[in-house]
Amino acid sequence: MRRITDPEKPLISWLLLAAGRNEQVEDLTVSEMDDGGMGNMTFGPAHEKRRFGQTIADCQFVDKDGVTVIASLNTDEKGQLYELDVWKVDFNPLLVWPKISDITETTPNPSFERTVFGGR
């Protein structure tokens with residue numbers, strides 16, 4: 001477990017605000033996920049004992065190489081922060097975390113079945 005880094009803070013702060021959450025980004029602890037460098041992370045301890053609940057905020061930005069990145073903030077079944085799901089559409093590693101000004105809102109696609117990615 002580690003604290004959120006300065007480059008990660010703008011994205012996580014944006015998603016928390018969009019979700020109407022009151023957690024302070026400086027207080028959060030995360031663990032990186034084995035995702036090929038896209039930036040996925042879990043929040044808090046005992047991630048493996050919890051289950052995905054719902055996506056509470058989505059956004060997108062363009063990475064330094066011009067490739068679109070979709071980021072989703074998810075909670076567990078009890079409404080606690082669960083994970084940050086970052087998906088670079090070409091499946092390559094994330095090069096640069098976005099600044100607030102680089103982030104745009106995205107509308108979740110209700111037909112997208114999240115079980116395709118991450119086994120939820």
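The following dialogue concerns a nonpolar core and the strands around β6 in a predicted model.

Me: What kind of model is this, and how are its residues numbered?

Reply: It is a predicted model, in which local features need pLDDT of at least 70, side-chain atom pairs count only at pLDDT 80 or more, and totals for chains, interfaces and linings use all residues. Residues are numbered from 1 along each chain as its sequence is written, and side-chain values use heavy atoms, without hydrogens and water.

Me: Which residues of the largest nonpolar core touch the most other members?

Reply: In soluble globular proteins, nonpolar side chains tend to be buried together. A nonpolar core is a set of buried Ala, Val, Leu, Ile, Met, Phe, Trp, Tyr and Cys residues joined through side-chain atoms within 4.5 Å; buried means under 20% relative accessible area, with a 1.4 Å probe and protein chains only. Here the largest core has 23 residues, and Leu-11, Ile-12, Leu-15, Phe-43 and Leu-84 touch the most other members.

Me: Which element supplies the largest share of this core?

Reply: Helices (H or I, at least four residues) and strands (E, at least two) are DSSP runs, numbered from the N terminus. The largest share, five residues, comes from α1.

Me: How many residues of β6 are buried, and how is β6 joined to β5?

Reply: Two strands pair if DSSP finds at least two bridges between them. Seven of the eight residues of β6 are buried. β5 and β6 run antiparallel, joined by seven bridges, and Ala-71 stands opposite Val-86 in β6. β3 also pairs with β6 in the antiparallel sense, over two bridges; Thr-42 has Glu-83 as its bridge partner.

Notes: Buried means under 20% relative accessible area, exposed over 50%, partly exposed in between (1.4 Å probe, protein chains only).
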